[in-house]
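Colleague: Got a minute to walk me through this model? I'd like to start with the sheets.

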Amino acid sequence: MTDSAGQQRPSLDELRIVSLSTGMELQYRLMNLRAGGMKDAEEFYAIVDDAIDSCVSTMARYPKELQKQTEDQLSIFMIAKLEGIGLNASHDSTVGGHCDIVIKEGVDLLWLGEAKLVTGKQNAHIEEGYLQLLSRYATCLPSQDRGGLVIFCNCERIDHVLEAWIEHITGKRANLEKLKHDQDKIEFFSKEPHSKNGRQFFVRHKPISIFWAPEERVKA
Amino acid sequence: MSVDASEPIAEIDRILGDDPACDVAKNIAKNIVALPPSQAKYISYSQLAKFGHVEPADGRLLQCVATLTSGRVHLLNVFYVYENVNGEEYKISPEQLQEAHRHGFLVDPDSGEAVKDFRKHLYPYFERSN
């Protein structure tokens, strides 16, 4: 098919194939979301989840550099990666305070992320982030009812950090419902009725390792 | 309408930095802002490729579209055009597109028939945002 200037124009189907072969699938899906008027909350959240997975992959490659970063610097690094994908990600001071990571699309779609840096099983510190996300920043309106708790771990065994966190938060929050603990991707999903309106707020709890301590061979 | 390129280009530089798509996006932006209003409402994907000096099948172009249609740069709005078997073209509304994705078929605006392989008949187009 050609456009008005007589040039070959790719169909959506052809661009989908291009996106798969060039690693631009998220960008292709963003184009679809925007052409659809930015109303599909499920697809928006799916794109955000996949974009965060992409950030995790990138961050895993640079533990030596990231280990020296502060909590804010790590959040900003993540925001830059999310923006690089094409998302409207920012460190926003207008969503009930200073939410670490805000991703907006159009008028309605909103995902909020709170980030905490730990050097071990520091559940009280992580809990501060969870409560900030839930009670300070989240509106929990339709299409604004999902968020993420990003736990930057400058320590060994993020799986152990997550397990301890799950035990801690489920013991403290009577209304929190465990949804899924993925031990392969090392992440946990929960929901809890929001105090503002009783709607469920869904949280992805995602530890990210920035630990770098290469072992050296012990000489006999 | 006169559009200033400096603001979107500064944002593109900030967002894409040393990404291989950065120069492509900036070339597209410069050409988009220079278009007269009458030509800025119906820009094809191939035109974007030409503006960016890349082939339409170049993955960097999808990166550029994601950046140029994002709220931060917001130089372009994207919409889809459906071309039926008779070669007639129809601009598809966001609601029609949502329905098509939800139900797995697009209703041909002319014949009323369900088009299951609608993605083969949809073409992305762009308009400059105000």
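Modeller: Sure, terms before anything else: two strands pair if DSSP finds at least two bridges between them. Helices (H or I, at least four residues) and strands (E, at least two) are DSSP runs, numbered from the N terminus. The model is predicted, so local features need pLDDT of at least 70 and side-chain atom pairs count only at pLDDT 80 or more, while totals for chains, interfaces and linings use all residues. Residues are numbered from 1 along each chain as its sequence is written, and chains are lettered from A and ligands numbered from 1 in the order in which they are written.

Colleague: OK, chain B then. What's the strand order in its open sheet of four?

Modeller: S1-S6-S2-S3 in chain B, with antiparallel pairing. Strand S1 (43-44) and strand S3 (89-92) of chain B are at the edges with a single partner strand each, so each has one side without a neighbour in the sheet.

Colleague: How many bridges join S2 to S6 in chain B?

Modeller: Seven, between S2 (residues 76-83) and S6 (residues 122-128) of chain B. In that pair, Phe79(B) sits opposite Tyr125(B) of S6(B). On to S3(B): four bridges tie it to S2(B), again antiparallel, and Tyr82(B) has Tyr90(B) as its bridge partner there.

Colleague: And what's going on in the hairpin of S2(B) and S3(B)?

Modeller: Five residues lie between the strands, and Gly87(B) takes a positive phi near 85°.

Colleague: Switching to chain A. How many helices and strands does it have?

Modeller: Seven helices and seven strands. Along the sequence, chain A reads α-α-α-α-α-β-β-β-α-β-α-β-β-β.

Colleague: How are the seven strands of the open sheet in chain A ordered?

Modeller: S1-S2-S3-S4-S7-S6-S5, with mixed pairing. Strand S1 (88-92) and strand S5 (177-182) of chain A are the edge strands, each pairing on one side only. From one strand to the next the twist averages 20°; for angles, axes are lines fitted to C-alpha atoms, for helices over the stretch in contact, and the values run from 0 to 180 degrees between N-to-C directions.

Colleague: Which strand do five bridges join to S2 in chain A?

Modeller: S3 (residues 109-118), running antiparallel to S2 (residues 99-105) of chain A. Ile103(A) has Trp111(A) in S3(A) as its bridge partner.

Colleague: Which helix lies across S2, S3, S4 and S7 of chain A?

Modeller: H3 (residues 41-60) of chain A, running at about 15° to S7(A). Helix H7 (residues 158-172) of chain A also packs on the sheet, touching S3, S4, S5, S6 and S7 of chain A, and its direction makes about 150° with that of S7(A).

Colleague: Last topic, the interface. How many residues of chain B are in contact with chain A?

Modeller: 33 residues of chain B, against 33 residues of chain A, where contact means that the C-beta atoms, placed from the backbone, lie within 7 Å.

Colleague: And which element of chain B gives the most to that side?

Modeller: H4(B), with six residues. By class, the side of chain B that touches chain A has 16 nonpolar, twelve polar and five charged residues. Here Ala, Val, Leu, Ile, Met, Phe, Trp, Tyr, Cys and Pro count as nonpolar, Asp, Glu, Lys and Arg as charged, and the others, Gly among them, as polar.

Conventions. Two residues are in contact if their C-beta atoms, placed from the backbone, lie within 7 Å.
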